[in-house]
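Student: I have a structure open in front of me and would like to learn how to read it with care. Could we go through it together, one question at a time?

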Amino acid sequence: MRKTPLTKALLGGAVACTLLLTMANSLADTAEITEQRQAGFKTMGKSVKAIRNALKAGDTTTPAVKDAAAAINQEASQLAQWFPEGSGPESGLSTDALPYIWKNTEKFQRISQDLISASAELVSALDAGADIDAPFKTVLKTCKGCHQSYRAD
Ligand code: HEC
């Protein structure tokens with residue numbers, strides 16, 4: 001095919017369209033993962049509240065408490081995948097994720113791992129009918145530790 005100015009323009013247009021589509025796709029992916037992680041954290045927040053209320057009421061033997069602990073463990077195991085490059089504030093999306101997440105990923109991943117083990121211990125304590133004060137405190141400490149370094153406000 002001879003490249004007339006028209007075909008050149010059309011080809012150029014096609015390339016530009018493909019680029020724009022790729023950019024739009026990755027933006028959609030970023031939006032989706034950001035939504036997913038915020039939903040995951042909300043589930044963790046609700047679960048913590050449910051356990052705290054059960055402790056206050058003096059009964060942690062209900063299935064709801066076990067479900068809440070399992071939910072924290074389940075979400076914690078996803079956490080490490082919720083923060084792809086480009087999903088910080090530079091995405092322009094509404095997020096409290098601080099850029100520091102991508103500057104000190106090692107510590108971030110370590111705290112994520114800590115939450116997986118802390119919540120697993122909470123699940124075990126509940127399964128064993130043991131006291132959950134200590135493992136629950138460790139879970140809360142882990143949430144707080146990460147928020148202090150890596151979450152805005
Ligand atoms: C490894 C780091 C880390 C750990 C551990 C962690 N969080 Fe977070 N959390 C974040 C970050 C970062 C955000 C901000 C996410 C965003 O806005 O995109 C967040 C956001 C939240 C939110 C707000 C969600 C929203 O958009 O409404 C809640 C609630 C929350 N976390 C609860 C918890 C609880 C409860 C735990 C512990 C069981 C926990 N988090 C553990 C890093 C962490």
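Student: Is Ala50 buried, partly exposed or exposed?
Tutor: Before anything else, please keep in mind that this is a predicted model. Ala50 has its place in helix H1, and its relative accessible area is 34%. Buried means under 20% and exposed means over 50%, with the class in between called partly exposed, so with its 34% Ala50 is partly exposed.

Student: How far apart in space are Ala50 and Thr60, C-alpha to C-alpha?
Tutor: Along the sequence, Ala50 and Thr60 are ten residues apart. Taken from C-alpha to C-alpha, the separation of Ala50 and Thr60 in space is 9.8 Å.

Student: Which residues does Ala54 touch, if residues up to four places away in sequence are not counted?
Tutor: Ala54 also has its place in helix H1, and Ala54 is buried because its relative accessible area is 9%, where the limit for buried is under 20%. With residues up to four places away in sequence left out, the residues that Ala54 touches are Asp59, Thr60 and Val65.

Student: How far apart are the C-alpha atoms of Ala54 and Asp127?
Tutor: These two residues, Ala54 and Asp127, are 73 residues apart along the chain. Their C-alpha atoms, however, are separated in space by 15 Å.

Student: Is Ala125 buried or exposed, and which residues does Ala125 touch beyond those up to four places away in sequence?
Tutor: Ala125 lies in helix H3, and Ala125 counts as buried because its relative accessibility is 11%, with buried meaning under 20%. Once residues up to four places away in sequence are set aside, Ala125 touches Ala130, Asp131, Ile132 and Pro135.

Student: Which helix supplies the largest share of the lining of the largest pocket?
Tutor: The largest pocket holds about 640 Å³ of space. Of the 27 residues that line this pocket, the closest to its centre are Arg37, Phe41, Lys42, His147 and Arg151. Helices H1, H2, H3 and H4 each supply at least two residues of the lining, and the largest share, eight residues, comes from H1.

Student: How many residues of each class, nonpolar, polar and charged, does the lining of the largest pocket have?
Tutor: Sorting the lining residues of the largest pocket by class gives three groups, and the charged group has five residues. The polar group has seven residues, and the nonpolar group has 15.

Student: Which residue is the only protein donor of the iron atom of the ligand?
Tutor: The residue in question has its place in helix H4, and it counts as partly exposed because its relative accessibility is 28%. Its NE2 atom is the donor, at 2.1 Å from the iron atom of the ligand, and the residue is His147.

Student: Which residues does the UniProt annotation "binding site" cover?
Tutor: This annotation comes from an unreviewed UniProt entry, and the residues that it covers are Cys143, Cys146 and His147. From this set, the lining of the largest pocket takes in Cys143, Cys146 and His147.

Student: With which residues is Cys146 in contact, leaving aside its neighbours within four places in sequence?
Tutor: Cys146 lies in helix H4, and Cys146 counts as buried because its relative accessibility is 15%. Leaving aside the neighbours within four places in sequence, Cys146 is in contact with Phe108, Ile111 and Arg151.

Student: What separates the C-alpha atoms of Gln78 and Trp102 in space?
Tutor: Gln78 lies in helix H2 and counts as partly exposed because its relative accessibility is 26%. Along the chain, Gln78 and Trp102 are 24 residues apart, and their C-alpha atoms are separated by 17 Å.

Student: What is the phi of Asp153?
Tutor: Asp153 is found in the segment after H4, and Asp153 is exposed because its relative accessible area is 80%. Most residues other than glycine have a negative phi. Asp153 has instead a positive value in a residue other than glycine, with phi near 45°.

Key: Residues are numbered from 1 along each chain as its sequence is written. This is a predicted model: local features need pLDDT of at least 70, side-chain atom pairs count only at pLDDT 80 or more; totals for chains, interfaces and linings use all residues. Side-chain values use heavy atoms; hydrogens and water are left out. On a 1 Å grid over the protein atoms alone, a cavity is a set of points where a 1.4 Å probe fits but cannot get out, and a pocket is an open set with protein on both sides within 12 Å along at least five of seven lines; lining residues have an atom within 4 Å of a point. Grid points are joined across faces, edges and corners, and a volume is the space filled by probe spheres set on the points. Helices (H or I, at least four residues) and strands (E, at least two) are DSSP runs, numbered from the N terminus. Ala, Val, Leu, Ile, Met, Phe, Trp, Tyr, Cys and Pro count as nonpolar, Asp, Glu, Lys and Arg as charged, and the others, Gly among them, as polar. Donors are N, O and S atoms within 2.8 Å of the metal (3.2 Å for Na, K and Ca); water is not among the atoms, so sites may look incomplete. UniProt positions are given in the numbering used here, feature names are shortened, and annotations may be inferred rather than shown by experiment. Buried means under 20% relative accessible area, exposed over 50%, partly exposed in between (1.4 Å probe, protein chains only). Contact means heavy atoms within 4.5 Å.
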